[in-house]
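This report looks at how a ligand is held and at how charged and aromatic side chains pair within one protein. The ligand site comes first, followed by the salt bridges and then the aromatic rings.

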Amino acid sequence: MARRRAAAWAALGPLLWGCALALQGGMLYPRESPSRERKSLDGLWSFRADFSDTRRRGFEEQWYRRPLRESGPTLDMPVPSSFNDISQDWRLRHFVGWVWYEREVTLPERWTQDLRTRVVLRIGSAHSYAIVWVNGVNTLEHEGGYLPFEVDISSLVQVRLTAQTSVGPVSDFYTLPVGIRTVAVTESQFLINGKPFYFHGVNKHEDSDIRGKGFDWPLLVKDFNLLLWLGANAFRTSHYPYAEEVLQMCDRYGIVVIDECPAVGLVLPQHFSNTSMNHHMRVMEELVRRDKNHPAVVMWSVANEPASSLESAGYYFKMVITHTKALDPSRPVTFVTNSNYAADKGAPYVDVICVNSYYSWYHDYGHLELIQLQLGTQFENWYKTYHKPIIQSEYGAETIVGFHQDPPLMFSEEYQKALLEQYHLGLDEKRGKYVVGELIWNFADFMTNQTPQRVLGNKKGIFTRQRQPKAAAFLLRERYWKIANETRYPHSAAKSQCLENSPFT
Ligand code: GCB
């Protein structure tokens, strides 16, 4: 098969490939029209700051000649954004010197094959001195931020290309990144590629200040930098499917996902009707169809905290879970319960017991000393009844950043830390036996309806809504990296080894 693609790679700077007529004496904002097309280059770019003493290694080693990844490690950097604010690497916070951005772009065939088409690369703005290479050729230099600049690159990208397979010309191309792994569940273990896997991670929400639920690359990259900082290896998409870009990032970073459908609040008897069940099954069909090719997804969650002790919940979950398993026999299926082990009618049908509990939060206020006993009893009861692996799928405490109280009182940073510590003692008792994971509620504070229980939203985040750490984040970081190092490396291995890598274990 002879196959070449019309591809170009460009170093440094966003944002736009345009196909336009020359404009003498002005620079119009690129708008689409019947004669003009645009292709936005916003999104993830490869990035490297030149930390060498002279800041000139990139020029000396000619990083622009080859894809950036071939001359050393790169980071993902969203464009547009400020690299200083996204990273957890303190060296980038105040970095001054050359930084290299690179993006590989596939151009529409007609742009590259129709020689009458003019292809223009436009940079919206780049601080503060920009040099632009296209396919390794220096095409433009520009000094000063804020203002756009552009260059005609037609001659660099227009070549006659043919695509042919043994059965004839090819008119459509699609690339699908793949990863191959197996998932299995035993009586007491969750296995990935045949090895026991322990989920040490978070529950998230698609939420942030101002933007609310809207998808945002800089926010996503910040969140992934925080997940790596934390040493998290997993999260649940509580309580709905997340943007596909999120799952693409998980595939690339080796973060494991429990993919949840939006069945939250199934609490009334009428929610377990046939109409509801049929709709639920259709949603699972859509979810599996969309996400089945993501290796990061290791389990489907069909609901969060349904009234699973209702009689009708038994048949309901039997049907929904059986249907989901038929759609995807390769992955385990669960739902997240807050029912009592003896009353739960759906638990017989799940592969993994995912249980939420809020000891010393929604009851026994302040009685942190009860947590270990209550948690131990919870785990033992579930295990002796079902002999299935268990994930503590939620636990946590509401905390207002900056509130301090010692001895700890509810809502203070000290209380959140102390509560987590008690949970961790209880978890460590059963980790390695049949408890296969812990997911903190929640990664970050998030907005909710107003109720007397919420102080401007849910404050159980270990990060604030603005993604700054509370004291508990440091506690969890210590723990997650310790677990990551224990499960990934021999005991003697240094923490720094893992800090450079994904904690996928
Ligand atoms: C839960 C729910 C979650 C809530 C959390 C809380 O059990 O699953 O959606 O936000 O408790 O903080 O009350």
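In this predicted model, an oxygen atom of the ligand is 3.0 Å from an N or O atom in the side chain of Arg454. Two further side chains offer an N or O atom to a ligand oxygen, that of Asn458 at 2.8 Å and that of Lys460 at 2.4 Å. Of the 320 Å² of accessible area that the ligand has on its own, the protein covers 85%. The residues that surround the ligand include, besides Arg454, Asn458 and Lys460, the aromatic residues Tyr358, Tyr362, Trp441 and Phe446, and also His239, Asn304, Glu305, Asn356 and Glu394. Sorted by class, this shell is made up of four nonpolar, four polar and four charged residues.

**Salt bridges**

Side chains of opposite charge can pair when their charged atoms come close. The structure holds 29 salt bridges, and three of them are set out in the table below, each with its N to O distance.

| Salt bridge | Distance |
|---|---|
| Lys460 and Glu398 | 2.7 Å |
| Asp328 and Arg331 | 2.8 Å |
| Lys482 and Glu486 | 3.5 Å |

Lys460, whose side chain has an N or O atom 2.4 Å from a ligand oxygen, also forms a salt bridge with Glu398. Lys460 lies in the loop between strand 24 (435-440) and helix 12 (471-488), whereas Glu398 lies in the loop between strand 23 (390-394) and helix 11 (413-430), so this pair ties together parts that are 62 residues apart in sequence. Lys460 is buried, with a relative accessible area of 1%, and Glu398 likewise counts as buried at 1% relative accessibility.

The salt bridge between Asp328 and Arg331 also joins two buried residues, for Asp328 has a relative accessibility of 6% and Arg331 a relative accessible area of 6%.

Where does the pair of Lys482 and Glu486 lie, and how many residues separate its members? Both belong to helix 12 and are four residues apart, which means that about one helical turn separates them. Glu486 counts as partly exposed, at 29% relative accessibility. Lys482 and Glu486 are, moreover, part of a network of salt bridges that also links Asp428, Arg431, Glu438 and Arg479.

**Aromatic pairs**

A pair of aromatic rings is described by the distance of the centres and the angle of the planes. The count of such pairs in this structure comes to 34. One of them joins Phe272 and Tyr316 in an edge-to-face arrangement, with 5.1 Å from centre to centre and 85° between the planes. Because Phe272 lies in the loop between strand 19 (256-260) and helix 8 (274-291) and Tyr316 lies in helix 9 (residues 311-327), the pair ties together parts that are 44 residues apart in sequence. Phe272 and Tyr316 are both buried.

The rings of Tyr383 and Tyr434, by contrast, have their planes at 5° and their centres 3.9 Å apart, and the pair is therefore stacked. With Tyr383 in helix 10 (residues 371-386) and Tyr434 in the loop between helix 11 and strand 24, the pair ties together parts that are 51 residues apart in sequence. Tyr383 and Tyr434 are both buried.

Elsewhere in the sequence, one aromatic cluster is formed by Phe59, Trp63, Tyr64, Trp98, Trp100, Tyr129 and Trp133.

Conventions: Residues are numbered from 1 along each chain as its sequence is written. This is a predicted model: local features need pLDDT of at least 70, side-chain atom pairs count only at pLDDT 80 or more; totals for chains, interfaces and linings use all residues. Side-chain values use heavy atoms; hydrogens and water are left out. A residue is near a molecule or strand if one of its heavy atoms lies within 4 Å of it. A polar contact is a pair of N or O atoms within 3.5 Å; within protein, one must be able to donate a hydrogen and the other to accept it, and residues adjacent in sequence count only if both atoms are side-chain atoms. Accessible areas come from the Shrake-Rupley method with a 1.4 Å probe; for residues, only the protein chains shown count as cover. Ala, Val, Leu, Ile, Met, Phe, Trp, Tyr, Cys and Pro count as nonpolar, Asp, Glu, Lys and Arg as charged, and the others, Gly among them, as polar. A salt bridge is a side-chain nitrogen of Lys or Arg within 4 Å of a carboxyl oxygen of Asp or Glu. Buried means under 20% relative accessible area, exposed over 50%, partly exposed in between (1.4 Å probe, protein chains only). Helices (H or I, at least four residues) and strands (E, at least two) are DSSP runs, numbered from the N terminus. Rings of Phe, Tyr and Trp (its six-membered ring) pair if their centres lie within 6.5 Å; planes under 30 degrees apart count as stacked, over 60 as edge-to-face and the rest as tilted.
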